[in-house]
Amino acid sequence: MKKKKFIIGGIIILIGVILLAYIGFQAGATYYYEVGELLGKADTLYDKTVKVGGEVAPGVEQELGKPTHFTIIDITDGTTTLPVVYNGSLPYTFQVGRHVIVEGQYTQSGVFEAKSIMTKCPSKYEPAQ
Amino acid sequence: MAEFGYTVLILAFVASLFSIASSAAGARQKRTDLINAGRNSLLAVFILVTLAEVILLIGLVTHDFSIKYVAEYTSRALPVPYLISGLWAGNAGSLLFWAWLLSLCAAVFVLRKSSTTREIMPHASAVVMFVQMFFLIMLIFAMNPFATLPTPPADGRGLNPLLENPAMVIHPPLLLAGYVVFTIPFALAVAALMSRKLGDEWLNRARGWAVLAWLLLGIGNIIGAWWAYVELGWGGYWAWDPVENAGLMPWLVGTAFLHSITIQKRRGMFKRWSMMLIILSFTLTIFGTFLTRSNLLQSVHTFGENTLVPFFLALLLISFFGSLALLTYREKELQGKESTESFISKEGAFLLNNLFLLLSTLVIFIGTLFPAIAEALTGTQVEVGKSFFNMANLPIFMAIIVLAGVCVITSWHQLILKDFKRSVIIPAIVTLIIIIALLISGRREWSSVVSFAISGFVITATLYQWLKELLARRRAAADNPKSGTSLGFMWLNKNRYGAYLVHISIVLIAIGVIGSSVYSVEKEAVLSPGESISLNQYRVTYDKLNLAGSESRMIITADMSIYDGYKLIAKLTPQKFIDANFEQPVTEVAIRSTPVEDIYIALDNWDSTRKASFRVLVNPLVMWIWIGGGVFFIGGLICFWPQRTRLEEPQAGKTKRSPQETRPPGKPE
């Protein structure tokens, strides 16, 4: 009899947490795509926050205080490109040829609006080879 | 030198094998000579691994760049403290450091004489040496810290400048020590299972070690959070990064274990549960270091190689499933003498607390591993962000804090309503006052209002109970002039008052976390020299930019002035270091801290016209996290301090007492 109280209480708590976790998940999980993958799935992904990775192509329009316009190239095929616009301040390591991961949304205009940029650098503990 | 170091490791490995065999055989056949041989070879392992560690240290301090590890993590210009920290800066070094810490714990463990655990010592030391052996195998066969370079370079690469911070000297060793020390209570538990000595002997001895491990891990995590806050420049202190989670999970389960064994010692209940918890804690420590040293997950912390994966997997599987099997096998003999009478009691609160801690651990575990599982099963790459962990954990952590307050005012066996009502009135009034004050001042975010109210409740309830106990004792002592001081009384009840202090510290940390998470304000701005931005009531002016340093290391400093109205309240100097050897520049954040709030400025970027981009934040209440950390350390230390004498239970009012109550908290032998 006493055991039942514990079990029921435990189950209720468990359900509550699972529910919360599910909600948090929806809000917190972000998918990552290569440029080609993103363009392939473009119709389903408009205005969803995603991450895209690619190499910065030559021809970056950058001036401190103004939005930066640049293009990233798919690293798996070397040709597919994606125009990106970013409003914040660029990380110091951002440069042409660098592999970056942009997080933001792909808009109907065909431009990816980035909310954040991460430059992929070699592991912090291993020196750059 | 390096070859000698490697040979020493091989010798240590052989000695550990011998120790396992002797101890195991000696335990089985009850032969003292074999047991002694096992013990002595364990001490030999300690001496040998210490020797290896010293050799590496000498190599680091004397700039012996023929050793690959020394060349990779140090340079001639590096100050001595950072040369020493090279011992744990890289994968191989920190693995050796772990092996050394483990051999040290093992040596201290076997050298302390104890009559109650004499019979299970050989089993326990065999288990410890088994784990030790695994680490030595990894060092010898997969991650040799003494690997040499055919042509030693003139100068080493140097330490990643991101790590040049005093925290580098304390955070990794504390964390590593916390992990390692969990091995001892685990070994004692397994030894008790193997030898069927399933009374409280193993527990009394394990408790001290478990508190130490928990204390080190806790303070290590807090220092890590502090370091992230002042170093990484994003304004936060905990990113739910896989490696951060790896350090948090064993601590959560360790907390559950410490609470569970308190019940076991008092009421003889939850024996199997306690066993399960310490097995889980230890497994999570191994899992944690496995995550850090493998490529499984992306993190700012990982060493990112895969060579050690098979070894760690083997150790994980053997230790976890082996001990579980043992536990199931001995299950019948672990039945407790009593069972819970009522859920609404201290026991009930403790059980709920355990439940919530484990739920949180489960949530964190799933969130941490989800990307790896998703990629393995479906090929998609997904990242689980902070909001998942925050949203899922907030209610759980709040529930745990509520329980911390509730348990102080409930009774053992069953809640005595009269006592409860008396104890809860003042905290409830204070809580109401807090809620009203918050609402009046305009705060409408219900989650934070509730959280602050709960925090107020718990602190008040704990302090009030503490005061009641001291006053009751004063009254009792008034009749007996020999009974000593209040301080002395508290010192005799270290567990209780240490625990009160720890509970208060957790609430202080919670207050800091809530304040800075919910009410933090952030602005990004691009400014030319002379321009300013305002944030809340402050005006932040960018005065000028200074460039200094040399080719190999550039230092860019921005001079900022902070005004509150017309008063200049601070001058801050955020910086960026650019080291030629390392691509990623290092941000030195500038912070002005008061107990009310932090003003936090990070310099992001700049151009040739000296226009610069900044991130400015006002973070309320952050200081309380570090204050809470300090209180946590003191409280934990008090809990850890050995109790030497049998003592009387502190009474608060006329609480009914069961005949079995006055058992001593036990000596951590």
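A residue counts as buried here when its relative accessible area is under 20%. With that in hand, let's walk through this predicted model, starting with chain A.

By that yardstick, 40% of the 129 residues in chain A are buried. Chain A holds three helices and six strands, and from the N terminus on they run α-β-α-α-β-β-β-β-β. If you take the contacts in chain A with a separation of 6 or more, 48% of them join residues 24 or more positions apart.

Over in chain B, the nonpolar packing is worth a look. In soluble globular proteins, nonpolar side chains tend to be buried together. The largest nonpolar core has 198 residues, and the ones with the most contacts inside it are Phe135(B), Trp202(B) and Met275(B). Helix H9 of chain B (residues 201–231) supplies the largest share of this core, 18 residues. Apart from that core lies another one, of 24 residues, including Tyr542(B), Leu545(B), Ile562(B) and Ile578(B).

What does Met275(B) touch, not counting residues up to four places away in sequence? The list is Ala189(B), Ala192(B), Leu193(B), Leu198(B), Trp202(B), Leu327(B) and Leu334(B). Trp202(B) thus turns up again, as one of the residues with the most contacts inside the largest nonpolar core.

Now for three residues that sit in helices of chain B, side by side:

| Residue | Helix in chain B | Relative accessible area |
|---|---|---|
| Thr255(B) | H10 (residues 242–267) | 9% |
| Thr361(B) | H13 (residues 346–378) | 6% |
| Ile638(B) | H19 (residues 623–640) | 22% |

Thr255(B) is buried, because its relative accessible area of 9% falls under 20%. Its side chain makes a polar contact with the side chain of Trp214(B) at 2.8 Å, and the Thr255(B) side chain also reaches the backbone oxygen of Trp251(B) at 2.7 Å. Residues up to four places away in sequence aside, Thr255(B) touches Trp214(B) and Leu357(B).

Leu357(B) comes back with the next threonine: the side chain of Thr361(B) reaches the backbone oxygen of Leu357(B) at 2.8 Å. Is Thr361(B) buried or exposed? With a relative accessible area of 6%, Thr361(B) is buried. Leave out its neighbours within four places in sequence, and Thr361(B) is in contact with Met249(B), Leu252(B), Val253(B) and Leu284(B).

Ile638(B) is another story. At 22% relative accessibility it counts as partly exposed, because buried means under 20% and exposed means over 50%. Beyond its neighbours within four places in sequence, Ile638(B) is in contact with Lys494(B), Gly498(B) and Leu501(B). The C-alpha atoms of Ile638(B) and Arg496(B) are separated by 9.4 Å, with the two residues 142 apart along the chain.

Last stop, the pockets. Rolling a probe the size of a water molecule over the atoms shows where empty space is left. The second largest pocket has a volume of about 840 Å³. It is lined by 31 residues, and the closest to its centre are Ile35(B), Arg118(B), Glu119(B), Met121(B) and Pro122(B). Which elements give two or more residues to the lining of this second largest pocket? They are helices H1 (2–29), H2 (32–61), H6 (121–141) and H8 (183–195) of chain B. As for chemistry, the lining of the second largest pocket divides into eight nonpolar, eleven polar and twelve charged residues.

Methods: Residues are numbered from 1 along each chain as its sequence is written. Chains are lettered from A and ligands numbered from 1 in the order in which they are written. This is a predicted model: local features need pLDDT of at least 70, side-chain atom pairs count only at pLDDT 80 or more; totals for chains, interfaces and linings use all residues. Side-chain values use heavy atoms; hydrogens and water are left out. Helices (H or I, at least four residues) and strands (E, at least two) are DSSP runs, numbered from the N terminus. Buried means under 20% relative accessible area, exposed over 50%, partly exposed in between (1.4 Å probe, protein chains only). A polar contact is a pair of N or O atoms within 3.5 Å; within protein, one must be able to donate a hydrogen and the other to accept it, and residues adjacent in sequence count only if both atoms are side-chain atoms. Contact means heavy atoms within 4.5 Å. On a 1 Å grid over the protein atoms alone, a cavity is a set of points where a 1.4 Å probe fits but cannot get out, and a pocket is an open set with protein on both sides within 12 Å along at least five of seven lines; lining residues have an atom within 4 Å of a point. Grid points are joined across faces, edges and corners, and a volume is the space filled by probe spheres set on the points. Ala, Val, Leu, Ile, Met, Phe, Trp, Tyr, Cys and Pro count as nonpolar, Asp, Glu, Lys and Arg as charged, and the others, Gly among them, as polar. A nonpolar core is a set of buried Ala, Val, Leu, Ile, Met, Phe, Trp, Tyr and Cys residues joined through side-chain atoms within 4.5 Å.
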